[in-house]
Amino acid sequence: MSEAVAVRPGAQAGGGRTHRLGVIGGDGIGPEVTRAALTVLDAAESRFGFTTERTDVPLGADNYLETGELLSDDAVGLLREQDAILFGAIGSPKVTPGILERGIILALRGALRQAINLRPVRLYPGVPTPIAGLTPERCDMVIVRENTEGSYVGGGNTVHRGTHAAVATQGSVNTWYAVHRAVDFAFRLAEQRRGRVTLCHKTNVLVEAGALWTDVVDEVAARFPGVEHDYVHVDAMCMHLPVAPERFDVVVTDNLFGDIITDLGAVLQGGLGVAASGNLNIEGSAPSMFEPVHGSAPDIAGRGWANPAGAALSLALCLASLGEGEAAAAVESATAAVLADLPALSGAQMGASTAGLGERIAAGVAQGADGAGLGGASTSLMTQLAAVQAGLAS
Ligand code: IPM
Ligand code: MN
């Protein structure tokens, strides 16, 4: 396969930059937080002189119950035409748990070849964290989760289901190709940051997959003499993350371990409401998809209690991937500044509604107090991502 470009920059239309944006609000609080993020996007467009052509793609529980289809070929086709996708959340008590998640989120990650799930774990100044004594200086890492394999696609089988003779097997797929993509990306990113990659796995027990990951890390590391690397078992990771997060710069890990440790990472940074992610297609063969890490939270849907920060920070990652680095940095900073002022990070105690917070973040973007929310001189992940993408494209 030939090297494709890594970015999908917008067309230059009428002297301005235009990006096609697929929007999947989804279920529960997904549409609310996505609407808030789009208000922020409006402000970013006016200030930074680009436009988006937005296409709503109605996926989720209601669409499934109406049409019987989780993800039609037409929907995938429409999404494929976009430059990027903003995703709210999927999952509903109206549908058996797992059906929508596997049939839509996981299916899209695979269909659109979104090889990397990028999950920054950054504690912004003034944001309350449940970890006593943790400061922003000590918590700024990125978890690079392999996004298409591992036990998520291993397949399995059960015989004698529902009886005491039941036997269930569940596999895990690990290809050199996908592991290499994730590890190579992690080293490229670390090169732009503090120069440290940590492999997180369970090599003492999962010896086959573990050896493949370790071999790939050793192979890639040889090409990046300026990047240090080390290894931490996933169980030990759960101890180190809350106690000594400053140890980590870029963590690269398998799909399932990444799923688990990024929820813990989200806790460090103030909770799931704040955590952002990007499902990155690093070949440029299909759009990347940006989603808050929180789920659809049906229990609080429609009340304005959801924090749109995760969605806004996902928008920032989206803008960075579209080459709108300045806008990305402004959205990140404005979101952090608004977070710092909140009495609580979600629920009725937040002191403002989801939409109200979207407007506040948008106002921050419009006013341009960039950097204010980030506590000074720290380099932005948004700039680092742009550099990595430029490297991949060359
Ligand atoms: C996530 C979610 C998904 C995952 C679920 C909804 C399938 O937990 O994005 O972290 O396991 O990847
Ligand atoms: Mn998860």
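**Val-40 and the core**

I started at Val-40 and listed its contacts, leaving out residues up to four places away in sequence. Val-40 touches Ala-312, Leu-315 and Val-331, and also Gly-358, Ile-361, Ala-362 and Val-365. Note to self: this is a predicted model.

Next I looked up the largest nonpolar core, which has 112 residues. Val-40 is among the residues with the most contacts inside that core, along with Val-144, Ala-186, Ala-312, Leu-315 and Val-331. So where does this core lie relative to the two domains? It lies between domain 1 and domain 2, because both give residues to it. In general, nonpolar side chains tend to be buried together in soluble globular proteins.

**Domains**

I wrote down the bounds: domain 1 is 15-115 + 288-394, and domain 2 is 140-153 + 171-268. Their C-alpha centres are 25 Å apart. The contact between them uses twelve residues of domain 1 and 14 residues of domain 2.

I then checked which helices build the domain 1 side of that contact. Both α4 and α12 (381-393) supply at least two residues each. Helix α12 has the largest share, with five residues. By class, the domain 1 side holds six nonpolar residues, five polar and one charged.

**Ligand 1**

Which residues sit around ligand 1? I found Glu-101, Ile-105, Leu-106 and Asp-259. By class the shell has two nonpolar residues and two charged ones, with no polar residue. Helix α4 (residues 99-111) gives the most to this shell, three residues. I had already met α4 on the side of domain 1 that touches domain 2.

**Helix α10**

Helix α10 covers residues 325-340, 16 residues in total. I get 23 Å from its first C-alpha to its last, close to the 22 Å expected at 1.5 Å a residue. Is α10 mostly enclosed or mostly open? It is largely enclosed by the rest of the structure, since 14 of its 16 residues are buried.

**Positive phi**

I pulled up two residues with positive phi that are not glycine, starting with Arg-113, where phi is about 50 degrees. Arg-113 is in the loop between α4 and β5 (116-122). I count 19 other C-beta atoms within 10 Å of Arg-113, so it is partly exposed.

Ala-297 is the other entry, with phi near 35 degrees. Its loop runs between β13 (288-292) and α9 (309-321). Ala-297 counts as buried, because it has 21 C-beta neighbours inside 10 Å.

**Loop residues**

Glu-283 belongs to the loop between β12 (276-280) and β13. With 17 other C-beta atoms within 10 Å, Glu-283 is partly exposed. I also checked Glu-283 against Gln-114: they are 169 residues apart in sequence, yet 8.9 Å apart in space, C-alpha to C-alpha.

Asn-174 is in the loop between β8 (167-170) and α5 (176-192). Buried or exposed? Asn-174 counts as buried, with 23 C-beta neighbours inside 10 Å. Leaving out residues up to four places away in sequence, I see Asn-174 touching Glu-149, Gly-150, Val-179, Ala-209 and Leu-212. For Ala-209 I noted the spacing too: 35 residues from Asn-174 in sequence and 6.3 Å in space, C-alpha to C-alpha.

**The β6 to β8 stretch**

His-160 is in the loop between β7 (156-159) and β8. It has 10 C-beta neighbours inside 10 Å, so His-160 counts as exposed. Beyond four places in sequence, the contacts of His-160 are Ala-165, Ala-166 and Val-167. I measured nothing by hand here, just read the computed spacing: His-160 and Phe-87 are 73 residues apart in sequence and 39 Å apart in space, C-alpha to C-alpha.

Gly-155 is in the loop between β6 (140-146) and β7. Gly-155 also counts as exposed, with 10 C-beta neighbours inside 10 Å. How far is Gly-155 from Gln-170 in sequence and in space? They are 15 residues apart in sequence and 5.9 Å apart in space, C-alpha to C-alpha.

How values were computed:
Residues numbered from 1 in each chain as written. Chains lettered and ligands numbered in written order. Predicted model: local features only at pLDDT ≥ 70, side-chain atom pairs only at ≥ 80, totals over all residues. Near = placed C-beta within 6 Å. Helix = DSSP H or I, 4+ residues; strand = E, 2+ residues; numbered from the N terminus. Nonpolar A, V, L, I, M, F, W, Y, C, P; charged D, E, K, R; others polar. Domains from an automatic or database assignment. Contact = placed C-beta atoms within 7 Å. Core = buried A, V, L, I, M, F, W, Y, C linked by C-beta atoms within 7 Å. Buried ≥ 20, exposed ≤ 12 C-beta atoms within 10 Å, placed from the backbone. Expected span 1.5 Å × (residues − 1).
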